[in-house]
Amino acid sequence: MRAIKTIVKIHTIDNYKISCLFNNGESRVIDFEQLFTKWKISQKHIAYPLVINQVEFAKVKVIDGSLVWKNISFQSTDDEGKEMVQFFDLDPIVLYKN
């Protein structure tokens, strides 16, 4: 069985490129400028502040194996219908593949 890829740590952030270490021991550089273009991030998208502001983009952290931006939050509800705050994060498997 293959292990699910998760991010262990961020090595460097250079503009919109993040060099990070995955739990399989492999380091990869993720070019978010290319990803944001590929994903066609519009002004209405929750990630748009990251696209237009490198300072906001650089506030990324590794939490539970994912890249998370706590500076980008939104309201949602849990399975019981209770209000909760979530932060913008990206699936490490998607990032690994890209």
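**Exercise 1. Is D64 buried or exposed, and what is its relative accessible area?**

Solution. D64 is exposed, with a relative accessible area of 78%, where exposed means over 50%, buried under 20% and partly exposed in between, computed with a 1.4 Å probe on protein chains only. This is a predicted model, in which local features need pLDDT of at least 70 and side-chain atom pairs count only at pLDDT 80 or more, while totals for chains, interfaces and linings use all residues. Residues are numbered from 1 along each chain as its sequence is written, and side-chain values use heavy atoms, with hydrogens and water left out. As a next step, place D64 in the loop between strand 4 (61–63) and strand 5 (66–77); helices (H or I, at least four residues) and strands (E, at least two) are DSSP runs, numbered from the N terminus. Finally, read the backbone: phi of D64 is near 50°, a positive value in a residue other than glycine.

**Exercise 2. Describe K40 by the steps used for D64.**

Solution. K40 is found in the loop between helix 1 and helix 2 (48–52). With a relative accessible area of 69%, K40 is exposed. Its phi is near 55°, which is a positive value in a residue other than glycine.

**Exercise 3. Work out how the rings of Y16 and F36 are arranged, and which parts of the chain they join.**

Solution. Begin with the total, which is nine aromatic pairs in the structure; rings of Phe, Tyr and Trp (its six-membered ring) pair if their centres lie within 6.5 Å, and planes under 30 degrees apart count as stacked, over 60 as edge-to-face and the rest as tilted. The ring centres of Y16 and F36 are 6.3 Å apart and the planes stand at 75°, so this pair is edge-to-face. Y16 lies in the loop between strand 1 (7–14) and strand 2 (17–22), whereas F36 belongs to helix 1 (residues 32–38), so the pair ties together parts that are 20 residues apart in sequence. Both residues can then be checked for accessibility: Y16 is buried at 9%, and F36 is buried at 6%.

**Exercise 4. Repeat the analysis for F32 and F57, then place both residues in their wider cluster.**

Solution. The planes of F32 and F57 meet at 65° and the ring centres are 5.2 Å apart, so the pair is edge-to-face. F32 lies in helix 1 and F57 in helix 3 (residues 54–57), so the pair ties together parts that are 25 residues apart in sequence. F32 is buried, with a relative accessible area of 0%, and F57 is buried, also at 0%. Ring pairs link Y16, F32, F36, F57, W69 and F88 into a cluster.

**Exercise 5. Trace the charged partners of R28, and then the remaining salt bridges.**

Solution. R28 lies over the face of Y96, at 3.7 Å from the ring centre, a placement that requires CZ of Arg or NZ of Lys within 6 Å of the ring centre and within 35 degrees of the ring normal. K5 also lies over the face of Y96, at 5.0 Å from the ring centre. The side chain of R28 meets that of E26 in a salt bridge of 2.7 Å, N to O, the term denoting a side-chain nitrogen of Lys or Arg within 4 Å of a carboxyl oxygen of Asp or Glu. E26 is partly exposed at 27%, and R28 is partly exposed at 26%. The count comes to three salt bridges, including K59 with E56 at 2.9 Å and E80 with K82 at 3.5 Å.
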